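Reader: Could you walk me through one part of this model in close detail? I'd love to hear about the salt bridges and what sits around them.

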Amino acid sequence: MKINTFEFEDKSRDWKLAKTSFERLTLLVGASGVGKTQILRAIQALKEIAEGKSLNGIVWKVNFTTTIGNDFIWEGEFEQKKTSIFDLDRDESTEKDPKIIFERIFKNGELQVDRNEG
């Protein structure tokens, strides 16, 4: 799989990665503190979402091409649950996961999945 473009927002942390294009070879270079690790964490978050995890306040759109040449766009958004310092002692096993607001998957320009809260 090759990532062509990637957009990501973490509303709970007030962090956004604007649409970024990846060419044949991409190398993340920059001074300390400019966001290289954040980009890698955003890609890791997509992996977790693909594995079924719900992540608070995440919005994403990724365009990728498979090794056999199919072009996909996968986009979605989870609700942002408010948190408070008083939630630190809560039992996380009883917490409900953030709900999906929407998720869409396109394969070669054709809509394959269209999921929303309803």
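Author: Happy to, and let's begin with D10 and R13, which form a salt bridge in this predicted model. The closest N and O atoms of D10 and R13 are 3.7 Å apart. The two partners sit in contrasting surroundings. D10 has a relative accessibility of 8%, so D10 counts as buried because the limit for that class is under 20%. R13, at 65% relative accessibility, counts as exposed.

Both of these residues turn up again when you look at the pockets. The largest pocket has a volume of about 380 Å³, and D10 and R13 are among the residues that lie nearest its centre, together with S12, L55 and I58. In total, 14 residues line the largest pocket. Sorted by class, that lining holds 6 nonpolar, 4 polar and 4 charged residues. As for where the lining comes from, β1 and α1, the latter spanning 36-50, each supply at least two residues. The biggest share is that of α1, which gives 6 residues to the lining.

Next comes K11, which forms a salt bridge with E77. Here the closest N and O atoms are 2.7 Å apart. E77 belongs to strand β4 (residues 71-78), while K11 is in the loop between β1 (2-10) and β2 (15-21), so this pair ties together parts that are 66 residues apart in sequence. On the side of β4, E77 counts as buried because its relative accessibility is 15%. K11, in the loop, has a relative accessibility of 32% and therefore counts as partly exposed.

A further salt bridge joins the side chains of R115 and E103, with 3.0 Å from N to O. This pair links distant parts of the chain, as R115 is in strand β6 (residues 110-116) and E103 is in strand β5 (residues 100-107), 12 residues apart. R115 counts as partly exposed, since its relative accessibility is 39%. For E103 the value is 12%, so E103 counts as buried. If you would like a total to go with these pairs, a search of the whole structure finds 6 salt bridges.

It helps to place these contacts in the fold. The protein has 1 helix and 6 strands, and from the N terminus on its elements run β-β-α-β-β-β-β. Of the 118 residues in the protein, 28% are buried.

Strand β3 (residues 58-65) is a good place to see how the strands fit together. Most of β3 is covered, with 6 of its 8 residues buried. β3 pairs with β1 in the antiparallel sense, over 8 bridges. As an example, I3 has F64 in β3 as its bridge partner. β3 also pairs with β4, again in the antiparallel sense, over 7 bridges. There, V62 has W74 in β4 as its bridge partner. This brings us back to the strand that carries E77.

The hairpin of β3 and β4 has 5 residues between the strands, and within this hairpin G69 takes a positive phi near 95°. N70 is found in the loop between the two strands, β3 and β4. At 19% relative accessibility, N70 counts as buried, because the cut-off is under 20%. The side chain of N70 is joined to the side chain of N108 by a polar contact of 3.0 Å.

One more residue belongs with strand β6, the strand of R115. E110 is also found in β6, and at 55% relative accessibility E110 counts as exposed. The C-alpha atoms of E110 and D71 are separated by 9.9 Å, and these two residues are 39 residues apart along the chain.

To pull the salt bridges together for you: D10 pairs with R13, E77 pairs with K11, and R115 pairs with E103. On the acidic side, D10 is buried at 8%, E77 is buried at 15% and E103 is buried at 12%. On the basic side, R13 is exposed, whereas K11 is partly exposed and R115 is partly exposed as well.

Methods:
Residues are numbered from 1 along each chain as its sequence is written. This is a predicted model: local features need pLDDT of at least 70, side-chain atom pairs count only at pLDDT 80 or more; totals for chains, interfaces and linings use all residues. Side-chain values use heavy atoms; hydrogens and water are left out. A salt bridge is a side-chain nitrogen of Lys or Arg within 4 Å of a carboxyl oxygen of Asp or Glu. Buried means under 20% relative accessible area, exposed over 50%, partly exposed in between (1.4 Å probe, protein chains only). Helices (H or I, at least four residues) and strands (E, at least two) are DSSP runs, numbered from the N terminus. On a 1 Å grid over the protein atoms alone, a cavity is a set of points where a 1.4 Å probe fits but cannot get out, and a pocket is an open set with protein on both sides within 12 Å along at least five of seven lines; lining residues have an atom within 4 Å of a point. Grid points are joined across faces, edges and corners, and a volume is the space filled by probe spheres set on the points. Ala, Val, Leu, Ile, Met, Phe, Trp, Tyr, Cys and Pro count as nonpolar, Asp, Glu, Lys and Arg as charged, and the others, Gly among them, as polar. Two strands pair if DSSP finds at least two bridges between them. A polar contact is a pair of N or O atoms within 3.5 Å; within protein, one must be able to donate a hydrogen and the other to accept it, and residues adjacent in sequence count only if both atoms are side-chain atoms.
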